[in-house]
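Reader: I would like a close look at one part of this protein, its largest pocket, and then at the helices and rings around the model. Please take it slowly and give reasons where there are some.

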Amino acid sequence: MDFKKVGVTFAISLVVGLYTAFVVQTFWNWFAVKAFGVPSVTYWEMYGVTMLLGLLFSRDGDSVKNDEQWKTAFMILDACVPPDKREFVADEMKARLDGIWLDMAFMVFGKFINNTVTLVLGWAIYTFLVSN
């Protein structure tokens, strides 16, 4: 396991999570306060709420089942690989696993971009349609 990649991924995911809490807090204070007559929330309150929602709606059980299905599939595939091809297959699998980090980076960056676009659209709605 490459601990440097894990650490960088964790740090970037943490920053995106903090940014997500900011976006949600901003939307809450722009729209929910006026529409529903609820009090505004602080950043840290909203960060806690986003963490709570993440815990409530996470699908950890599916992950365990999915992992077991993949382990079974790889065990079956491993039994089918001829001995003279095992090194080639192992190298190909390593290359694909290394590519997972790039996929994760794109996923986190996509979340950041999605949050930013949502924030800009929300700002435009709030500024030009709601506060007038």
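**The largest pocket and the helices**

Author: In this predicted model, the largest pocket holds about 240 Å³ of space. Two elements each give two or more residues to its lining: α1 (3-36) and α2 (43-57). The residues that line the largest pocket are F10, S13, L14, G17, L18, T20, Y47, T50, M51 and G54. Of the elements, α1 gives the most, with 6 residues. Sorted by class, the lining has 5 nonpolar residues, 5 polar residues and no charged ones.

Next come the aromatic rings. The count of aromatic pairs in the model comes to 12. In one of these pairs, F27 and F31, the ring centres are 5.5 Å apart and the planes meet at 50°; the pair is tilted because this angle falls between the cut-offs of 30 and 60 degrees. Both residues belong to helix α1 and sit 4 residues apart, about one turn of the helix. An α-helix has 3.6 residues a turn, so residues three or four places apart point the same way. F27 has a relative accessible area of 24% and is therefore partly exposed, since the partly exposed range runs between 20% and 50%. F31, at 22% relative accessibility, is also partly exposed.

A second pair is found in α2, where Y43 and Y47 are 4 residues apart, about one turn of the helix. Their ring centres lie 6.4 Å apart with planes at 20°, so this pair is stacked, the angle being under 30 degrees. Y47 counts as buried because its relative accessibility is 18%, under the 20% cut-off. Y47 is also one of the residues that line the largest pocket.

Some rings form a group as well: F27, W30, F31 and Y126 make up one aromatic cluster. F27 and F31 are the tilted pair described above.

That leaves helix α4, which covers residues 86-130. With 45 residues at 1.5 Å a residue, α4 should span 66 Å, because the expected span is 1.5 Å times one less than the number of residues. The C-alpha atoms at its ends are 63 Å apart, which agrees with that value. Which residues of α4 are buried? They are V108, N115, L119 and G122. What covers these buried residues includes α1, the helix that also gives the most residues to the lining of the largest pocket.

Methods. Residues are numbered from 1 along each chain as its sequence is written. This is a predicted model: local features need pLDDT of at least 70, side-chain atom pairs count only at pLDDT 80 or more; totals for chains, interfaces and linings use all residues. Side-chain values use heavy atoms; hydrogens and water are left out. On a 1 Å grid over the protein atoms alone, a cavity is a set of points where a 1.4 Å probe fits but cannot get out, and a pocket is an open set with protein on both sides within 12 Å along at least five of seven lines; lining residues have an atom within 4 Å of a point. Grid points are joined across faces, edges and corners, and a volume is the space filled by probe spheres set on the points. Ala, Val, Leu, Ile, Met, Phe, Trp, Tyr, Cys and Pro count as nonpolar, Asp, Glu, Lys and Arg as charged, and the others, Gly among them, as polar. Buried means under 20% relative accessible area, exposed over 50%, partly exposed in between (1.4 Å probe, protein chains only). Contact means heavy atoms within 4.5 Å. Rings of Phe, Tyr and Trp (its six-membered ring) pair if their centres lie within 6.5 Å; planes under 30 degrees apart count as stacked, over 60 as edge-to-face and the rest as tilted.
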